[in-house]
Amino acid sequence: MISDKLRDQTVRFANEIKALLNGTITNHVQITAVALPKGDDRLFILGNRLGKDTLEAERFQLRPQAPKVQLWMDLKFQLRLDAEREHLMVQQSFFGVFGSKDAKRGLFHYDYERDKADGYPDAHLQVEASSSLFETLNDPKADPGRSLAQLHFPVGGKRFRPCLEDVIEFLVVERLVQARDGYEKILEAGRERFRKNQLMAAMRRDPATVEAFNERYGSRAKV
């Protein structure tokens, strides 16, 4: 049975994501959550208009600055409680930007998979691009024909990875999408909340460093 704590925290997180998107670069996005049993853990999957049967989230349209162009975002989260079953934890996340509702290849995507098993960084960025220099660097025996889009650029690991607010800011400041008036305040509030949560998680996992900080700075520490 799904715990009330997990369900309540997940619903709150889904509402935060919906408010962030609809307050900055989207209209009428509906972030919903579906419970997914898996072994002894319980997971929730979050996405736009998530289907309970397929567990597939729908991409949603952005408003490009360029005329007569379509731009779509794909967004998914997989959430569960941490080892102490106290705090909500992101198990996986995906933010991608594509040119159509069902395109296989897009502009870029950020992936996060906790304790990723294939040797690639847990948190990474992949960009749909080409480079003649990179093509000369491929080992013809091991990696013939590998493209730049297949490279996994590390982006901060589980604690300091980019958040959704960073992706939204990139799309706006690079003049790729239109944003609502006052979007900056919404982004900054969400980013501050994300960073504090990550800092608290890091402190819980490394009490020795917290103790050393307190011993060195004590009441002199300033935020």
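This briefing describes the two largest pockets of the structure and the residues that line them. The model is predicted. The largest pocket holds about 890 Å³ of space, and the second largest has a volume of about 350 Å³. Helix α5 is the top contributor to the lining of the largest pocket, and α5 also gives the most to the lining of the second largest pocket.

**Largest pocket**

- The lining of the largest pocket consists of 37 residues.
- Nearest the centre of the largest pocket lie F13, L88, V90, N197 and Q198.
- Helices α1 (4-22), α4 (164-173) and α5 (183-205) are among the elements that each supply at least two lining residues.
- Strands β4 (72-81), β5 (88-98), β6 (108-113) and β7 (123-127) also supply at least two lining residues each.
- The contribution of α5 to the lining of the largest pocket is nine residues.
- Sorted by class, the lining of the largest pocket contains 19 nonpolar, eleven charged and seven polar residues.

**Second largest pocket**

- The volume of the second largest pocket is about 350 Å³.
- This pocket is lined by 13 residues, and L199, M200, M203, V210 and F213 are the closest to its centre.
- Two or more lining residues come from each of α5 and α6 (207-217).
- Helix α5 provides seven residues to the lining of the second largest pocket.
- The lining of the second largest pocket comprises seven nonpolar, four charged and two polar residues.

Definitions and conventions: Residues numbered from 1 in each chain as written. Predicted model: local features only at pLDDT ≥ 70, side-chain atom pairs only at ≥ 80, totals over all residues. Heavy atoms only, no water. 1 Å grid on protein atoms, 1.4 Å probe; cavity = no way out; pocket = protein on both sides within 12 Å on 5 of 7 lines; lining within 4 Å. Points joined across faces, edges and corners; volume = space filled by probe spheres on them. Helix = DSSP H or I, 4+ residues; strand = E, 2+ residues; numbered from the N terminus. Nonpolar A, V, L, I, M, F, W, Y, C, P; charged D, E, K, R; others polar.
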